[in-house]
Amino acid sequence: MNERKPVGQENTMEAAASRKKSAAKPAKLGRDVQARLGQQLRAMYDEVVNQGVPDRFTDLLNRLNNNGSKDGQ
Amino acid sequence: MAMDESVRKAILGAVPSLRAFAISLCGNVDRADDLVQEMLLRALANIDSFQPGTNMSAWLFTILRNHFRSEYRKRRREVEDSDGRYAETLKSQPEQYGQVEYREFREALAQLPQDQREALILVGASGFSYEEAANICGCAVGTIKSRVNRARTRLAELMHVNSAEDFGPDETVRAVLASGE
């Protein structure tokens with residue numbers, strides 16, 4: 001699936017899938033792997049968080065707020 | 001419904017994280033922003049049901065998550081959508097995410113079952129505790145823990161990662177730096 005990466009024993013989707021079926025309980029992930037996956041997840045997430053609040057949402061809240069005030073709802 | 005300024009600030013302050021959550025859930029920026037907009041409308045319409053002093057962010061995440069769920073079910077009925085189709089959509093639109101750097105990770109994330117994906121994101125990226133995530137998803141704390149564990153294991157399988165070295169030398173260094181959470 002990805003030629004760039006050095007891989008371990010299993011390097012195909014099929015192997016991973018068959019391992020999943022045969023293993024009653026998945027092997028516990030090492031802390032280093034967990035940390036790395038977590039870091040990628042947060043990096044991906046934070047990329048969006050760092051974009052801040054798009055104008056459309058600030059405008060929407062302001063518009064709703066003003067309407068609310070005028071209508072006295 | 002003139003809003004209290006502190007409420008307005010709390011809502012706006014949560015929007016960036018809600019967008020990131022929505023994009024991670026549905027894999028499409030435009031659809032994610034529609035989800036956020038609908039969430040905002042619903043939150044404001046029901047602002048009276050928010051209990052001051054409780055976690056505004058968790059309340060908004062719950063609304064967004066439930067709305068996404070009902071939309072997803074509706075779409076699924078309409079077009080036979082599935083996690084597989086979602087993954088395919090994602091592959092065809094990598095540019096929507098900006099950098100391609102995390103593309104492999106995103107593709108693996110997209111292949112997770114929805115329950116596992118949302119649990120992993122809430123706990124691993126949004127910064128909620130297991131208890132908060134359980135409240136947002138309406139399930140037991142143990143269920144969230146098990147979903148997060150299964151999500152991590154499956155991600156590692158999908159990305160063929162057996163040790164941190166599989167990420168490459170530079171990234172291993174970053175993983176070490178990031179592990180002091």
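**Exercise 1. Work out how helix α1 (residues 5–26) of chain B packs on helix α2 (residues 29–45) of chain B.**

Start with the geometry: the axes are 8 Å apart and the angle is about 135°. Axes here are lines fitted to C-alpha atoms, for helices over the stretch in contact, with angles from 0 to 180 degrees between N-to-C directions. Helices are DSSP runs of H or I with at least four residues, strands are runs of E with at least two, and both are numbered from the N terminus.

Next, classify the angle. Under 35 degrees is roughly parallel, over 145 roughly antiparallel, 65 to 115 roughly perpendicular, and the rest oblique. So α1(B) and α2(B) are oblique to each other.

Now the hand: α1(B) and α2(B) make a right-handed crossing (near helix turned clockwise from the far one; anticlockwise by less than a right angle would be left-handed).

Then list who touches whom, where contact means C-beta atoms, placed from the backbone, within 7 Å. From α1(B) the residues include Ile11(B), Val15(B) and Leu18(B), and from α2(B) they include Val36(B), Met39(B) and Ala43(B). Sorting the residues of this contact gives 12 nonpolar, no polar and three charged. (Ala, Val, Leu, Ile, Met, Phe, Trp, Tyr, Cys and Pro count as nonpolar, Asp, Glu, Lys and Arg as charged, and the others, Gly among them, as polar.)

A quick word on the source: this is a predicted model, where local features need pLDDT of at least 70 and side-chain atom pairs count only at pLDDT 80 or more, while totals for chains, interfaces and linings use all residues. Residues are numbered from 1 along each chain as its sequence is written, and chains are lettered from A and ligands numbered from 1 in the order in which they are written.

**Exercise 2. Do the same for α6 (residues 114–124) and α7 (residues 130–137) of chain B.**

The axes come within 9 Å and cross at roughly 140°, so α6(B) and α7(B) are oblique. Their crossing is right-handed. On the α6(B) side you'll find Glu118(B), Ala119(B), Leu122(B) and Val123(B), meeting Tyr130(B), Ala133(B), Ile136(B) and Cys137(B) of α7(B). That contact splits into seven nonpolar, no polar and one charged.

**Exercise 3. Describe how the two domains of chain B meet.**

An automatic or database assignment sets the bounds: domain 1 is 1–81 and domain 2 is 112–181. Nine residues of domain 1 of chain B contact nine of domain 2 of chain B. On the domain 1 side, α1 and α3 (56–79) of chain B each supply at least two residues. The residues on that side are four nonpolar, four polar and one charged.

Methods. Contact = placed C-beta atoms within 7 Å.
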